[in-house]
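Please take a moment to look over the sequence and the model, and then follow the explanation from the helix to the strands.

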Amino acid sequence: MASKEQLKASIHAAFDAAVTDGTSYTKVYAAEIKQKNFIVFRTTTVSNFAVGFRPGQTDVVIVPLEEKSGTVTAGTPLTITDTNRASVKKRDLQGRFVIKTTEGQSFKLSILPSVPKLLAAGYQLPVEQKAEYEAFTTLRDALTTA
């Protein structure tokens, strides 16, 4: 497995390649964990994202990510602006940042300052992003109080 620094660099590079002027964004890694309980078994699906934003602005770009053997590939980016943002919640019952669009898309994102390697067993990518997390909390607080 790649180191935390290598994974972080790969996430940033994938975001930069998928988003026009991607290098001008501050980026954080986020995971969305969905669990479904059935009578006999439970399934857990983890989706990985890069969330990009610019300090002082309220636009957010969410890029789905696929990671395989240390290589990170970006999907199609979604830009959420004041126009297409329906709602933002600081936390749901599981401590996630929840953002919904007017088109009906919803993201329940877990964003941590440091994802330990132990959580990597649950398919989250182990990254260290304390400075980026602090910048994100400023944006999150601005969006949830607006």
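In this predicted model, the face of helix 1 that is turned away from its buried side carries the exposed residues E5 and A17. The buried residues of helix 1 are K4, L7, I11, A14 and F15, where buried means that under 20% of the relative accessible area remains. Seen down the axis of helix 1, these buried residues fall within an arc of 100°, so they line one face of the helix. The length of helix 1 can be checked as well: at 1.5 Å a residue, its 15 residues, 4-18, should span 21 Å, and because its end C-alpha atoms are 21 Å apart, the two values agree.

From the helix we can turn to the strands, beginning with strand 2 (residues 42-53) and strand 3 (residues 60-68), which pair in the antiparallel sense over six bridges. Within this pairing, A50 stands opposite V63 in strand 3. The hairpin that these two strands form has six residues between the strands, and G56 takes a positive phi near 85° there.

Strand 3 also pairs with strand 4 (residues 71-74), again in the antiparallel sense, over four bridges, and in this pairing E66 has T73 of strand 4 as its bridge partner. The hairpin of strand 3 and strand 4 has two residues between the strands, and in this hairpin S69 takes a positive phi near 55°.

Finally, strand 3 is joined by three bridges to strand 5 (residues 78-80), and these strands run antiparallel; here the bridge partner of V61 is T79 in strand 5.

Terms used:
Residues numbered from 1 in each chain as written. Predicted model: local features only at pLDDT ≥ 70, side-chain atom pairs only at ≥ 80, totals over all residues. Heavy atoms only, no water. Expected span 1.5 Å × (residues − 1). Buried < 20%, exposed > 50% of the residue type's maximum accessible area, 1.4 Å probe, protein only. Arc of directions from axis to C-beta. Pairing = 2+ DSSP bridges.
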